[in-house]
Every structure is written in C-alpha cells, then in structure tokens.
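Please open the model in your viewer and keep the selection panel at hand, since each stop on this tour names what to select next and then says what is there.

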Amino acid sequence: MTPFPDLAPAAPEIFLAVSALVLLMLGVFRGDTSTRLISYLTVGVLLIAVVLVLTGAGTKQITFSNLFIMDSFGAFMKVLVLLGSALSVLISIHYIEREQMKRIEFPVLMLLATIGMLMMVSANDLISLYVGLELQSLALYVIAAFRRDFAKSSEAGLKYFVLGALSSGMLLYGASLIYGFTGTTNFSMLASQFATHGQATGHAGIGLVVGLTFVAAGLAFKISAVPFHMWTPDVYEGAPTPVTAFFAVAPKVAAVALFVRLLIEPFGSMVDEWRQIIYFTALASMVLGSFAAIGQTNIKRLMAYSSIGHIGFALVGLAAGTELGVRGVMFYMAIYIFMNIGTFGVILCMRQNGRMVEEITDLAGLSKTHPMLALAMLIFMFSMAGIPPAAGFFAKLFVFQAAIEAHLYSLAVMGVLASVVGAYYYLRIIKVMYFDEPVEALDRTISGEVSLVIAGTSLFTLLFFFFPAPLLNGAAAAAASLFAAG
C-alpha cells in the first residue's frame, strides 16, 4: 500500500487551493458587490502563502511520489511569484470597479493561476511540469478575455488560447520523445541516468536532443522568447491593463524558474547541447525586443517588446549554465518584477476625462501636471534601460558577468549593444514627460492602492544599491541549492 504523501512541502499550494474555493463560495453568496473584499482577501492570502514558503524553505524535500520538490531555489522563486501576484491584484482593484469588470471571479482566477505557477516552480517531473503549466494557462486565457464586451480583449484571449494550445502540443511531443528515449519522466531519474552513462547524447542519441528542443520551445512560448513571441504584443495591448501587468511579472518568473530547473537538474550534463538553443533565443530576444520597440506608439505594445528584450537578458545568465549564471537569472527576475509592476501602475494612471489612454504622447508634459508620477516613471525607465544607480543596472551587470566568466563574450557584447539600443525608447518616454508640452492633462484622481504600489516599487528600484546584500545572498544560496541537488 502506498504511504500517504508528506503534505508539508506543498503547504503553500494547498493553502492557496483551499482559500480559492472559500473565496469563490464567499463571492457566490455575497455577489459581485463583494469583489473589493475578495480582492483584499486574495492579497492577504498570497502574503500568508509567502510566510508559509519561507517557513518551509530550509532543506530540500521531495513528495508526491517524486513529482514535487521544495528547496531553496523553489522558495526564492515562489516568493517572487507570490509578491508579483499580490501586487497585480492590488493595482487591479480600482480598475475593475471603474471599468465595469467587477466580478468576483477575477481575483479568484488570478489566485488559481498563481497555484499553477507555484506547481511549475516545484515540478520534479515532466508530468507535474505540464499540470502546473496548464493550471496556470487555463486561468490566464480567461482573464485575458475578461472584458467580453471589448473586442480587443476577446481577440487577446483567443490568440493566447490558440497559440498556447500549439505550444502545449510542442511541449508534450518533446516530453514523449524524452520518455521514449530514457524510459522516465522524473527529473531525478533523468539526472542519475545521464550521470551513470556519461554524456546524454552518447547514451540516448539525437532523439533526446530533439525532445529537449521541443520542450524548450514550449517553455519559450510561456516566457515570450523569440521566435515564440508572436502573441505578446497583441495580448498585452488587448488584455485589461491589470491583466497585462500580471502577465508581465508572475507567469514570466514561474516559467523562467521552470526553465532553469529543467535544464540544470535533469539535463545539466547536456549543457553543450541546450546552450545552443538558449544562446540563440537570448540573442534573438534581446535584438528583437530592442529594435521592434522603437517604432511603437502604444505604451502597452512597447512594454510587450520590452518584456521580450528583458527575457533575452535573463536568458544570458541561463546560457552560461553555471551557478553564477543561475544566480544572475534569479536576481534579474527579482528586479524585473518591481520595475515592471511599478511601470504598469503608472500606465493605470493614464486617464483623460475618465477614460483610459495608452499612447506614449499622452504622457506629454507629465512632469508639469503630475511631477511625482513623472519622477516614478523616470526611475522605472532608467532602471529598465540599465542606467546606474537604478536596480536594473545591477541586474544586467550580473548576467553579463556570468556570460563573460563562461567565455560567452559575443553574447555579452551583443547584450550590451542591445541594451544601448533599448535605452533609446526608454529615454524617449522621459523626453516626452519632461520636455514636451502637455496637450491634455491626465486625470488627477489616483487610487490609494496604485499610489502605494508605485511609491513602494520606485523607492525599491532607486535605493536598491544601498542594501543589495539580502537579495544577492538569497539568490546565491538558492542557486547553490539547485546545483547541489544536481
């Protein structure tokens, strides 16, 4: 008889699942008038889950028949996912009330998507990887199209669903090839097989490499890396702005964490094979993200191409395939969350006469009409461009340092050049805010939740260089745990 699994490592996921059901029932009985209450409770639940993650973050634990793993790497990335989700729910509260989207399902769907993300981070098998991925994706398909009376939102949801189904098919095909050539889907068993037989390619042949390529392609879609980025600009533009903010942070962190775990743990001995894939994806994402954003006039589309570029920078660290590289990736994603969610907080404030505006030119003269909002946006743009002393500079510094130590000099040089090109469109936004004359001022009403998020994230981004040690040490310990496990 199979012993009952140890539930302690999965305590945060179980807590979130039970909470989602309770909040859904509360909403059913109290109606849509309780949307604000349920949103606040959702934020509270996510913060309690952070405490649960940190409580169980000591030692490596594996449960559910080797399908689920909890270690320092997982704990670090789960905290980032939960913080990103909590901030996304917080900035959405006023928006969904104002835009007649006040339905209790909205925060609950974001909570369910977060459970899928946490499962992705803790996946120790290709099966649990897929279950977590689909739990996340199904909820995201719905919230992308949540404004059913808005054609662009419906279009965003449909495009995301169709292309998401295609990527899932690619991932499953790759997983089936890996299983066919190795006889297992478990990460630990795959790693031990490759350690026993030496180089994986010598043992399993080219078929295993093809399988890994298909799995990598499926995951590249989830992080919107080139050449699987085609859904990103349309979905970012069409989805409600808080949903776009959510897409830009939490799912990206979870998918990057899954990507790192998959490549480092079971396929660590195949680094020379998968590095070619990551090298191309990182380089193409940085270049396309930098150049394609130059011609954008819609700020949400610009942020879509910006996110593609940032994923390229993060993948530079993964291409190194070293502990230092993984530390750089984790550090980069931590900084990425704060500067992105803050930027989308500012975008949520872009309203004229009670309606949302999304053109970059609508920010003209913001420094004169909303000086503090313009200052926050300036901090975020400097950080995204990688200009010191903003936090984004240190994020790029660590991934490029890892690439140089791994002798990937050309990738590091191209990354620096792409960063210089990308600085153009970030600085253009600053120029519009500070040097263009305002045509029509933005509305002065800003919700308390959005103001709090913008203030907190801008202070973190600006003052990070005074206290980098906690985040750096946490990322270093988490990366070390991943390599110790491998």
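In this predicted model, begin with the second largest pocket, whose lining residues divide into 13 nonpolar, one polar and no charged. The volume of the second largest pocket is about 230 Å³. To centre the view, select Phe76, Leu80, Phe460, Pro470 and Leu471, which are the closest to the pocket centre of the 14 residues that line it. Then colour helix 3 (72-98), helix 14 (323-348) and helix 20 (469-485), the elements that each give two or more residues to this lining; helix 3 provides the largest share, five residues.

Keep Phe460 selected and add Phe331, Phe338, Phe393, Phe394, Phe398, Phe464 and Phe467, which together with Phe460 form one aromatic cluster.

Next, move to the largest pocket, which has a volume of about 280 Å³. Select Met372, Leu373, Ala376, Ile454 and Ala455, the residues nearest its centre among the 15 that line the largest pocket. Showing helix 16 (371-385) and helix 19 (448-463) as ribbons will help here, as each of them supplies at least two residues of the lining. By class, the lining of the largest pocket consists of 11 nonpolar, three polar and one charged residues.

From the open pockets, turn to the enclosed spaces, of which the structure holds three of 30 Å³ or more, counted as cavities. What space lies in the largest cavity? About 80 Å³ lies there, and to outline the largest cavity you can select Ile91, His94, Tyr95, Arg98, Leu348, Cys349, Arg351, Thr445, Ile446, Ser447 and Val450, which line it. Helix 3 gives the most to this lining, with four residues, and the residues of the lining divide into six nonpolar, three polar and two charged.

The second largest cavity holds about 60 Å³ of space. For this stop, select Ser290, Phe313, Lys396, Tyr425 and Tyr426, which lie nearest the centre of the second largest cavity among its 13 lining residues. The elements that give two or more residues to that lining are helix 12 (271-292), helix 13 (299-320) and helix 18 (409-435), with helix 18 giving the most, five residues. By class, the lining of the second largest cavity has five nonpolar, seven polar and one charged residues. While Phe313 and Lys396 are still selected, turn the view to look along the ring, where Lys396 lies over the face of Phe313 at 4.5 Å from the ring centre.

The last stops concern aromatic pairs, for which the count comes to 20. Select Tyr141 and Tyr160, whose ring centres are 5.2 Å apart and whose planes stand at 80 degrees, so the pair is edge-to-face. Because Tyr141 lies in helix 5 (residues 126-144) and Tyr160 in helix 6 (residues 151-182), the pair ties together parts that are 19 residues apart in sequence. Both Tyr141 and Tyr160 are buried.

Finally, select Phe221 and Trp231, where the ring centres are 5.4 Å apart and the planes lie at 40 degrees, so the pair is tilted. This pair links distant parts of the chain, with Phe221 in helix 9 (residues 206-222) and Trp231 in the loop between helix 9 and helix 10 (232-238), 10 residues apart. Are these two residues buried or exposed? Phe221 is buried, with a relative accessible area of 3%, and Trp231 is buried, with a relative accessible area of 3%.

Methods:
Residues are numbered from 1 along each chain as its sequence is written. This is a predicted model: local features need pLDDT of at least 70, side-chain atom pairs count only at pLDDT 80 or more; totals for chains, interfaces and linings use all residues. Side-chain values use heavy atoms; hydrogens and water are left out. On a 1 Å grid over the protein atoms alone, a cavity is a set of points where a 1.4 Å probe fits but cannot get out, and a pocket is an open set with protein on both sides within 12 Å along at least five of seven lines; lining residues have an atom within 4 Å of a point. Grid points are joined across faces, edges and corners, and a volume is the space filled by probe spheres set on the points. Ala, Val, Leu, Ile, Met, Phe, Trp, Tyr, Cys and Pro count as nonpolar, Asp, Glu, Lys and Arg as charged, and the others, Gly among them, as polar. Rings of Phe, Tyr and Trp (its six-membered ring) pair if their centres lie within 6.5 Å; planes under 30 degrees apart count as stacked, over 60 as edge-to-face and the rest as tilted. Buried means under 20% relative accessible area, exposed over 50%, partly exposed in between (1.4 Å probe, protein chains only). A charge sits over a ring if NZ of Lys or CZ of Arg is within 6 Å of the ring centre and within 35 degrees of the ring normal.
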